[in-house]
Amino acid sequence: MARFFRRGSRDVRLTRHGGAGSNIGVIYWDNNATTPIADEVFAAMEPYLRDCFMNPSADYVSARAVRRAIEEAREHVARLAGASAGEIVFTSGATEAINTVLRGMARMGTAGSASHMMCVATDHDASLHTLRQLGREGVVLPAECPVDRQGVVDCDAWARFVREEDVAGVSLTWVNNETGVVQDVASLCACAHEAGVPVHVDGVQALGKIPVDLHGVGVDYASFSAHKMHGPKGVGALYVKSGCRMPVLLFGGGQEDGRRSGTENVAGIVGFGAAAELAARQLDEAACRMRRLRDAFEGRLQAALDGVEIQSAGSERVSNTSNISFAGCTAQALMLLLEPLGMLCSAGSACSTANPHASHVLTAMGLSDAEARSCLRFSISSMTAEDEMEHASGLVIEAVRKVRSVQSSKTGPVMVFRP
């Protein structure tokens, strides 16, 4: 069965898999996985998918207009990130940017022997897996900085590491995609720079949600993605601070100032720019509204149910994210009930849904395997309707009660395994 939700002048079609639907339609609360494209972004992109198709490297008037559109988008992204336009390199997404930076750090730091490099234990898999692969290749000696029970970086461990000899670089995530924890990037950068160590920041979940000032916090490299902020998929950006070295990613025609060759994804880049411009206009207002909805949602669940714990509630969190454990339930069992009712959320990172293991983010914070498996992530956006909160909380309360009702001391928690 198909349901629709309206965004401006366009209807978006979502597929429902059986079950009785609600009058409110589909409640999409998995915006940390991806966001719907905003109407303004779609309108900005459309001409470059149809009439303005010229290669931006060509030397005629219509092609130069396409080139100007790319550079205007670069300005918008740079302005939102607190950077200069010349420091922004467009990529296919944050994963490419992260791989480029970490591999580049490793190569620039290696001088006959493997250098040390570190990321944070709760970082995204794009960082963790890249660093582990570099370790398997013998290029670096990888390490992972621990976090406390709230998911905040252990500053003492961070400081000890950057003072080691031959540290090629460190990396951390500004806003965690599963818990919403906001790290003190400025302090961690200052600590690393005192030891002469460059810093990369995964800013995917930060850009467009919190004020980002790359020049102000002193980051050397940063990675971003358009589709987490109502832009299109398949486009991201790498920030390279002026004066910092960066290896050439792709050789060819010399696009992106020679740093990433290949004909640009014009429509995607224009969409990224439009999304950045939109986010800049509504940043404070959207953050306040999302925080109000999130806090009301969490409050209703805690008032109606026992055994509800808000993860990282004691630390600074981004306004759109709730990671909640429900004692006696598994996240997969709850999702199996919620999806047919029209509520879409997640049991962790969208990049790890096929992974049978508990969230590495939550276990790194000290949760047991069972506790981690009982957590659901709810992530709203600036497009989330006001009337969704009450309905969403009601669906979750109903699902938790239903799962708990079929359990007993003999059966244990209900487990669900999807093919």
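These legends accompany a few close-up views of a predicted model.

**View 1. An open sheet of three strands, in the order β11-β12-β14.** Welcome to the sheet: its strands follow the order β11-β12-β14, and their pairing is antiparallel. The edges belong to β11, residues 308–310, and β14, residues 375–379, each of which pairs on one side only. From one strand to the next, the twist averages 25°.

**View 2. The pairing of β11 with β12.** Here we look at the junction of β11 with β12, the strand of residues 321–326; the two run antiparallel and are joined by three bridges. To find your way, start from Val308, which stands opposite Phe326 in β12.

**View 3. Helices α8 and α9 against the sheet.** Two helices come into this view. Helix α8, spanning residues 266–304, packs on the sheet and touches β11, β12 and β14. The direction of α8 makes about 10° with that of β12. Helix α9, residues 331–338, also packs on the sheet, where it touches β12 and β14. The direction of α9 makes about 50° with that of β14.

**View 4. Helix α1 packed with helix α8.** Besides packing on the sheet, α8 packs with helix α1, which covers residues 39–49. The angle between α1 and α8 is about 160°, and their axes lie 8 Å apart. Because angles over 145 degrees count as roughly antiparallel, α1 is roughly antiparallel to α8. The crossing of α1 past α8 is right-handed.

**View 5. The residues where α1 and α8 meet.** On the α1 side, the contact is made by Glu40, Val41, Ala44, Met45, Tyr48 and Leu49. Facing them from α8 are Val266, Ala267, Gly268, Val270, Gly271, Ala274, Ala275, Leu278 and Arg281. By type, the residues of this contact are 11 nonpolar, two polar and two charged.

**View 6. A closer look at Ala274.** We finish with one residue of helix α8, Ala274. Is Ala274 buried or exposed? Its relative accessible area is 13%, and since buried means under 20%, Ala274 counts as buried. Leaving aside residues up to four places away in sequence, Ala274 touches Glu40, Val41 and Ala44, which also belong to the α1 side of the helix contact. Met45 is another landmark for this view: the C-alpha atoms of Ala274 and Met45 are separated by 8.4 Å, although the two residues are 229 residues apart along the chain.

Methods:
Residues are numbered from 1 along each chain as its sequence is written. This is a predicted model: local features need pLDDT of at least 70, side-chain atom pairs count only at pLDDT 80 or more; totals for chains, interfaces and linings use all residues. Side-chain values use heavy atoms; hydrogens and water are left out. Two strands pair if DSSP finds at least two bridges between them. Helices (H or I, at least four residues) and strands (E, at least two) are DSSP runs, numbered from the N terminus. Axes are lines fitted to C-alpha atoms, for helices over the stretch in contact, and angles run from 0 to 180 degrees between N-to-C directions. Contact means heavy atoms within 4.5 Å. Angles under 35 degrees count as roughly parallel, over 145 as roughly antiparallel, 65 to 115 as roughly perpendicular and the rest as oblique. A crossing is left-handed if the near helix is turned anticlockwise from the far one by less than a right angle, and right-handed if clockwise. Ala, Val, Leu, Ile, Met, Phe, Trp, Tyr, Cys and Pro count as nonpolar, Asp, Glu, Lys and Arg as charged, and the others, Gly among them, as polar. Buried means under 20% relative accessible area, exposed over 50%, partly exposed in between (1.4 Å probe, protein chains only).
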